[in-house]
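Here's a quick tour of one model, heading by heading. Have the viewer open as you read.

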Amino acid sequence: MSTSGHAAAPGTAERYRAFAAEARGRSPQYEELTIAVAGDPLILGFLDTLPTAKRQPNLLFAAAYYLLGAPADLRALRGLVDDRGGELARTMLARRTQTNEPARCATLLPALALLPQPLALIEVGASAGLTLLADRYSYDYGRRQLAGTDPDAPVLGCRPLARSPSRRRCPRSPGAPGST
């Protein structure tokens, strides 16, 4: 039974099992947690009080992390639903996941710069083509800035954690007129 007195819709549990299958081999924690959620009537009941688009595993886990300050396990999720379900629902309703992040280009650029030029990129993900525009964006790596080909495109920031050979050999963005 859900907190609203209705039985959990089977679709939510199935979506969580499908997400677990996608996570298999890539994220054991997500695989384990989504399987556990798919079998938990309390959490499924809570999720079924939300609009279908707000029942995503990534959104639940991100909202739980936001409220708890740490990744949640099943016990923590159950406690959150039980003790702070209204707050969790408000957080999930007010937010959404973002899977098409163009700032990923800042981490791809050094590797792309090492490849023979010119490059032809093919998008094989859910980034809406945003990662195909790597040459248009400008980049700020802290001590080094690279100008892109589009002056109106955003400047993507990236804080390198270590000096790498590719970072030293990345004098300019592929297709860009030069670095600053």
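## A bent helix

The bend at a residue is the angle between two fitted axes, one for the seven residues ending there and one for the seven starting there. Helices are DSSP runs (H or I, at least four residues), numbered from the N terminus. With that in hand, look at R84: helix 5 bends there by about 105 degrees. The span shows something too: 21 residues in a straight helix would cover 30 Å at 1.5 Å a residue, but helix 5 has only 23 Å between its end C-alpha atoms. That expected span is 1.5 Å times one less than the number of residues.

## Ground rules

This is a predicted model, so local features need pLDDT of at least 70 and side-chain atom pairs count only at pLDDT 80 or more, while totals for chains, interfaces and linings use all residues. Numbering runs from 1 along each chain as its sequence is written, and side-chain values use heavy atoms, with hydrogens and water left out.

## The cores

The largest nonpolar core (buried Ala, Val, Leu, Ile, Met, Phe, Trp, Tyr and Cys joined through side-chain atoms within 4.5 Å) has 24 residues, with V37, F46 and L88 among those with the most contacts inside it. Helices 1 to 5 each give two or more residues to this core. A second, separate core of twelve residues includes L112 and Y137.

Buried (under 20% relative accessible area, 1.4 Å probe, protein chains only) residues of helix 5 include L77, G85 and M92. Its buried residues pack against helix 2, helix 3 and helix 4, contact meaning heavy atoms within 4.5 Å.

## Confidence

Mean pLDDT (the predictor's per-residue confidence, 0 to 100) is 81 for the protein chain. Over residues 1-6 the pLDDT is below 50.

Conventions: Buried < 20%, exposed > 50% of the residue type's maximum accessible area, 1.4 Å probe, protein only.
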